[in-house]
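User: Could you take a close look at how the helices pack against one another here, and walk me through it in plain terms? If there is a metal site, I'd like to hear about that too.

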Amino acid sequence: MSQPRPPSPSEQLEFLRSFQRLLDEGSFVATYKFALLHAIADLCVLQGDDSGAALELATFDIAEHFVRLYWPQVIPFMASEEEAVLRQNTGRQAQVVRAVREAHEHYDGSLASFRHDVAEWTHLVRSVQRTVEVMPLWKVQTVGSDRLEFLYSNQDHGHSVRLEPGVAYCLRAFYPMLVDMIEGAWSHFIQRHNPRLLKQVTDLRSFLFGSERAVLDAPRFLLRDVQEGRCFYCTRPIAARADVDHFIPWRRYPLDLGHNLVLAHPACNSKKSDLLAAEEHLERWVERNRTSGLEASFEGVGIRHSLTATLRVAAWAYGQVHKAGGQVWVAGTELRPLGVRWDEVLARR
Ligand SMILES: [Zn+2]
């Protein structure tokens with residue numbers, strides 16, 4: 001076995017070209033393939049690293065991400081004259097979508113309470129897993145008569161798939177851009193297959209991929225308490241309105257876990273925008289997340305949480321900015337280059 005190594009620049013370019021070909025040339029009769037690519041990219045951030053090594057993903061984990069991706073999409077879409085669930089398939093509604101819809105109704109739209117019901121949750125994920133294993137997994141890398149097996153080889157490994165060396169590296173390095181491409185192609189598919197419903201719609205994409213409103217409303221009071229009524233960023237008191245902000249911005253990685261949420265002035269929130277926060281904020285955030293009883297409070301109001309997953313995503317996000325020599329947000333319109341301390345701050349537990 002040779003040591004893993006990061007892919008060379010020309011290998012990375014080749015990867016991007018192949019990925020683009022999958023989306024441009026692949027035939028899509030359902031949105032499963034988009035969900036699959038999205039899920040694989042998400043899992044590379046959560047479970048992979050930057051060594052260039054191969055990565056084995058469990059199809060169960062992929063299926064979990066499927067459910068999470070389809071969850072907001074099964075709400076009936078309301079157009080001016082009618083409302084219906086968007087079609088995700090050229091023929092009858094995709095089976096996964098029907099199953100997720102039933103669960104969505106049963107749990108009143110709360111993904112958190114569904115996940116709490118471990119037996120039911122596992123049952124649905126297993127059934128989605130079977131669909132993933134027979135359908136998109138072995139078909140997504142066929143474009144026309146060509147086989148483009150650059151993500152993994154089409155061999156049955158039981159309940160897992162083994163990503164080729166370099167794949168996790170590239171999906172992590174180009175995550176925002178690739179997810180943007182996947183969501184764009186996915187939205188386009190939906191737009192094409194729901195012409196009547198979507199005639200006048202402009203903001204389809206935020207309906208499909210936007211953050212769950214309920215998730216952001218639930219923690220408002222809790223966070224006000226934890227932050228003693230002060231803005232997380234500028235630490236000045238919050239008089240009236242407060243925004244629940246994703247510390248690691250939603251646009252960089254859709255992380256709706258409790259530890260990622262902070263309360264901020266609408267002005268501070270909007271100035272921070274899609275930037276990562278500077279080290280002093282990061283330090284306070286890591287400290288805040290150690291607040292005792294935080295997990296129990298999240299559970300009390302039904303917010304999902306995982307400090308481990310949150311910190312992994314944070315380390316990935318800061319690592320990407322570090323590699324790109326990017327800047328972070330300090331306050332107002334002030335930015336500064338990311339220093340070297342973030343790594344050590346995130347390593348503190
Ligand atoms: Zn503020």
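Analyst:
**Helix packing and the zinc site**

α4 and α6 are roughly antiparallel to each other, because an angle over 145 degrees counts as such. Bear in mind that this is a predicted model. The angle for this pair, helix α4 (residues 95-106) and helix α6 (residues 118-134), is about 170 degrees, and their axes sit 10 Å apart. On the α4 side, Gln95, Val96, Ala99, Val100 and Ala103 make the contact, and they meet Leu124, Val128 and Thr131 of α6. Sorted by class, that contact has six nonpolar and two polar residues, with no charged residues.

Now for α2, which packs with α9 and also with α3. Take α9 to begin with: helix α2 (residues 32-47) and helix α9 (residues 175-193) pack at about 160 degrees, with 10 Å between their axes. That angle makes α2 roughly antiparallel to α9. The crossing of this pair is left-handed. From α2, the residues in the contact are Phe34, Ala35, Leu37, His38, Ala41, Asp42 and Val45, while α9 brings Tyr175, Val179, Ile182, Glu183, Ala185, Trp186 and Phe189. By class, you get 11 nonpolar residues, one polar and two charged.

With helix α3 (residues 59-70), the axis of α2 crosses at roughly 115 degrees, and the two axes come within 9 Å. This crossing is right-handed. Here α2 uses Tyr32, Ala35, Leu36, His38, Ala39, Ile40, Asp42, Leu43, Leu46 and Gln47, against Asp61, Ile62, His65, Phe66, Arg68, Leu69 and Tyr70 of α3. The tally for α2 with α3 is 11 nonpolar, three polar and three charged residues. If you compare the lists, Ala35, His38 and Asp42 of α2 turn up in the contact with α9 and again in the contact with α3.

On to the metal. The zinc ion has Cys231 (SG), Cys234 (SG), His265 (ND1) and Cys268 (SG) as its protein donors, at 2.1 to 2.3 Å. Angles among the four donor atoms run from 94 to 122 degrees, and the site is tetrahedral. For reference, the ideal angle for four tetrahedral donors is 109.5 degrees. Along the sequence, the donor residues follow the spacing C-x2-C-x30-H-x2-C. Cys231 lies in the loop between α12 (220-226) and β7 (243-246), and Cys268 is in helix α13 (residues 266-272), so this pair ties together parts that are 37 residues apart in sequence.

Note on methods:
Residues are numbered from 1 along each chain as its sequence is written. This is a predicted model: local features need pLDDT of at least 70, side-chain atom pairs count only at pLDDT 80 or more; totals for chains, interfaces and linings use all residues. Side-chain values use heavy atoms; hydrogens and water are left out. Axes are lines fitted to C-alpha atoms, for helices over the stretch in contact, and angles run from 0 to 180 degrees between N-to-C directions. Helices (H or I, at least four residues) and strands (E, at least two) are DSSP runs, numbered from the N terminus. Angles under 35 degrees count as roughly parallel, over 145 as roughly antiparallel, 65 to 115 as roughly perpendicular and the rest as oblique. A crossing is left-handed if the near helix is turned anticlockwise from the far one by less than a right angle, and right-handed if clockwise. Contact means heavy atoms within 4.5 Å. Ala, Val, Leu, Ile, Met, Phe, Trp, Tyr, Cys and Pro count as nonpolar, Asp, Glu, Lys and Arg as charged, and the others, Gly among them, as polar. Donors are N, O and S atoms within 2.8 Å of the metal (3.2 Å for Na, K and Ca); water is not among the atoms, so sites may look incomplete. Four donors count as tetrahedral if all angles lie between 85 and 135 degrees; four count as square planar and six as octahedral if opposite donors are over 155 degrees apart and all others between 65 and 115; anything else is irregular.
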